[in-house]
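Reader: Please give me a close look at one part of this one, namely the pocket side of things. Set it in its surroundings too, and tell me how you define your terms.

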Amino acid sequence: DPRWASDTQWVAANKPTPPPFAILKILPDGRETVVSTSPGEVCVLDDISKDARYLLCRYGGRDLAALPLGDARKPILVRKAPAGYIDQPQFSPDGRWIAYNANDSGRFEVYVTSFPSTGERWQVSEAGGVQPVWRQDGRELYYLGLDGIMNAVALQTENKPPFSVPNRLFDAELEAPSTD
């Protein structure tokens with residue numbers, strides 16, 4: 001499950017075997033550097049910040065963490081799921097926000113939290129949602145509703161909450177995503 005750094009000079013990828021589990025930085029010539037190891041619970045790589053300062057990963061699907069790539073390698077807890085599962089997290093292009101979906105309400109919904117986290121989060125989907133993806137300029141967040149409709153919410157930082165109500169864009173003609 002590799003992720004390209006925005007400068008495309010390297011790739012980060014999970015290396016599940018042999019133990020301990022690791023996240024690797026892989027250069028174009030094939031050289032590998034271990035970025036993070038996890039002897040216990042696996043940290044699954046999900047995203048790289050555009051400035052390539054942080055990796056975003058999930059521990060056991062319940063703890064969302066940012067791993068600094070500099071000298072300080074201690075994970076920064078972004079969000080702990082009270083119940084359920086966190087999935088598909090993604091940094092905004094400016095690195096100030098993290099979007100993800102979680103099913104702690106009983107169905108998957110799309111949420112956004114600031115980074116570094118203040119503990120606040122905003123639910124941006126109204127009737128379930130998955131697969132959040134930021135527009136390149138970071139001013140909108142797209143997600144797939146559980147009804148198969150592609151939606152968009154606008155970032156409006158001068159308001160509280162900082163996101164608009166969802167705008168239904170089009171039927172993606174996809175089967176409703178599984179909420180298991």
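Author: About 9600 Å² of the chain is exposed, and carbon and sulfur atoms supply 50% of that area (Shrake-Rupley method with a 1.4 Å probe; for residues, only the protein chains shown count as cover). Keep in mind that this is a predicted model, where local features need pLDDT of at least 70 and side-chain atom pairs count only at pLDDT 80 or more, while totals for chains, interfaces and linings use all residues. Residues are numbered from 1 along each chain as its sequence is written, and side-chain values use heavy atoms, with hydrogens and water left out.

Of the 180 residues, 44% count as buried, meaning under 20% relative accessible area, with exposed over 50% and partly exposed in between (1.4 Å probe, protein chains only). There are 0 helices and 16 strands in the chain (DSSP runs numbered from the N terminus: H or I of at least four residues for helices, E of at least two for strands). The radius of gyration is 16 Å, close to the 16 Å from the globule rule for 180 residues, so the chain is as compact as a globular protein of that length. That radius is taken over C-alpha atoms, and the rule is 2.2 Å times the number of residues to the power 0.38.

Now the pocket. Rolling a probe the size of a water molecule over the atoms shows where empty space is left. Here a pocket is an open set of points on a 1 Å grid over the protein atoms alone, where a 1.4 Å probe fits, with protein on both sides within 12 Å along at least five of seven lines; lining residues have an atom within 4 Å of a point. The largest pocket has a volume of about 380 Å³, the space filled by probe spheres set on points joined across faces, edges and corners.

Its lining comes to 17 residues, and Trp4, Ser6, Asp47, Ile48 and Lys50 are the ones nearest the centre. At least two lining residues come from each of strand 1 (3–4), strand 5 (43–48), strand 9 (86–91) and strand 13 (129–134). Sorted by class, the lining of the largest pocket holds 7 nonpolar, 6 polar and 4 charged residues; nonpolar covers Ala, Val, Leu, Ile, Met, Phe, Trp, Tyr, Cys and Pro, charged covers Asp, Glu, Lys and Arg, and the others, Gly among them, are polar.
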